[in-house]
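This report goes through one protein chain, from its overall fold to single residues. The sequence and the structure come next.

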Amino acid sequence: VYLGARPVFEKTANKPGATRGEKIEHWTRFMRTVGICRIVSLLEEEELAYYDGDMKEILAGLGWDVEHRHLQCSLYTENAVNTIREALGRAKLHEEKVVVRCNWGKARATLVGALWLHDQYNATTNVALKTVQTFGASEGRERPGTMAQLRKFIDDDTLAEIEPDKEKDSK
């Protein structure tokens, strides 16, 4: 499981249609180069509008198996945790690398990374979150996320009642 951001994660790209096909093609080519063949996208509807077309159609046009290897799932919807667990479980079953991405590759991706460590290694939520944050810091990446968010996410299967972390306003 790898954590990442969407293609062109710059503030200037946070407007409808700003992320063009060639940028998405470059991003997907890189994913394939490093052996990633599954995508778990945590983008919200508003963020999906940043692409210059339907993301699923764009990926399908680039040869991705979007029916079986691409999941679009908001953390703020009911049953989010189980949906993501199933997708990560399929990747593990097929021994395939998967990237979990949100807008900036920070808070939401961090929570899913911690969920994965919690599930796969029976790590406590505290250890799982701190591990993701420490690893991110060692690579120069901020990995925000709180224990309250992680506990809410795991216990309630959603972040629905927690104010979404609008990473688009991050640096």
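Helices and strands are here DSSP runs, numbered from the N terminus; a helix is a run of H or I with at least four residues, and a strand is a run of E with at least two. The model described is a predicted one.

**Overall fold**

The chain has eight helices and four strands. Along the sequence these elements come in the order β-α-β-α-α-α-β-α-β-α-α-α. The chain is as compact as a globular protein of its length, because its radius of gyration of 15 Å is close to the 16 Å that the globule rule gives for 171 residues. Taken along the principal axes, the C-alpha atoms fill a box of roughly 40 × 35 × 35 Å.

Of the 171 residues, 46% count as buried. Among contacts with a sequence separation of 6 or more, 75% are between residues 24 or more positions apart. The accessible surface of the chain is about 8,900 Å², and carbon and sulfur atoms account for 51% of that area. There are 25 positive and 27 negative side chains, and the centres of these two sets lie 5 Å apart.

**The loop between β1 and α1**

Two residues of this loop are described here, P7 and G17. P7 is found in the loop between β1, residues 2-5, and α1. With a relative accessibility of 2%, P7 counts as buried. Leaving aside neighbours within four places in sequence, P7 is in contact with T19, K23, I24, W27, Y51 and R101. From P7 to E67 the separation is 60 residues in sequence, and their C-alpha atoms are 20 Å apart in space.

G17 is found in the loop between β1 and α1 as well. Its relative accessibility is 17%, so G17 counts as buried under the 20% cut-off. Not counting residues up to four places away in sequence, G17 touches A49, Y50, Y51 and D52. Y51 is thus listed among the contacts of P7 and among those of G17. G17 and I58 are 41 residues apart in sequence, with a C-alpha to C-alpha distance of 13 Å.

**Helix α1**

T28 is found in helix α1, which covers residues 21-33. T28 is buried, and its relative accessible area is 2%. Beyond its neighbours within four places in sequence, T28 is in contact with L59, L62 and W64.

**Helix α8 and the residue after it**

Which residues of helix α8 are buried? In this helix, residues 147-156, they are Q149, L150, K152, F153 and I154. The cover over these buried residues includes α5 (80-93), α6 (107-121) and α7 (125-138).

Just after α8, D157 takes a positive phi of about 65°. Most residues other than glycine have a negative phi. D157 is not a glycine, yet its phi is positive. D157 counts as buried, at 14% relative accessibility.

E95 is another residue that has a positive phi without being a glycine, at about 55°. E95 is placed in the loop between α5 and β4, the strand of residues 97-102. E95 is exposed, with a relative accessible area of 75%.

The table sets out the two residues by place and phi.

| Residue | Place | Phi |
|---|---|---|
| E95 | loop between α5 and β4 | about 55° |
| D157 | segment after α8 | about 65° |

**Cysteines**

How many disulfides does a search of the whole structure find? The search finds zero. A disulfide is a covalent bond between the sulfur atoms of two cysteines. Here a pair of cysteine sulfur atoms has to lie within 2.5 Å to count as one.

Why does C37 have no bond to the closest cysteine sulfur? That sulfur is in C73, and at 19 Å from the sulfur of C37 it is too far for a bond. C37 counts as partly exposed, at 24% relative accessibility.

For C102, the closest cysteine sulfur is also in C73, at 13 Å, and this too is too far for a bond. C102 is buried, with a relative accessible area of 0%.

Definitions and conventions: Residues numbered from 1 in each chain as written. Predicted model: local features only at pLDDT ≥ 70, side-chain atom pairs only at ≥ 80, totals over all residues. Heavy atoms only, no water. Buried < 20%, exposed > 50% of the residue type's maximum accessible area, 1.4 Å probe, protein only. Rg over C-alpha atoms; globule rule 2.2 N^0.38 Å. Contact = heavy atoms within 4.5 Å. Areas by Shrake-Rupley, 256 points an atom, 1.4 Å probe, with all protein chains shown as cover. Lys, Arg positive; Asp, Glu negative; His and termini not counted. Charge placed at Lys NZ, Arg CZ, Asp CG, Glu CD.
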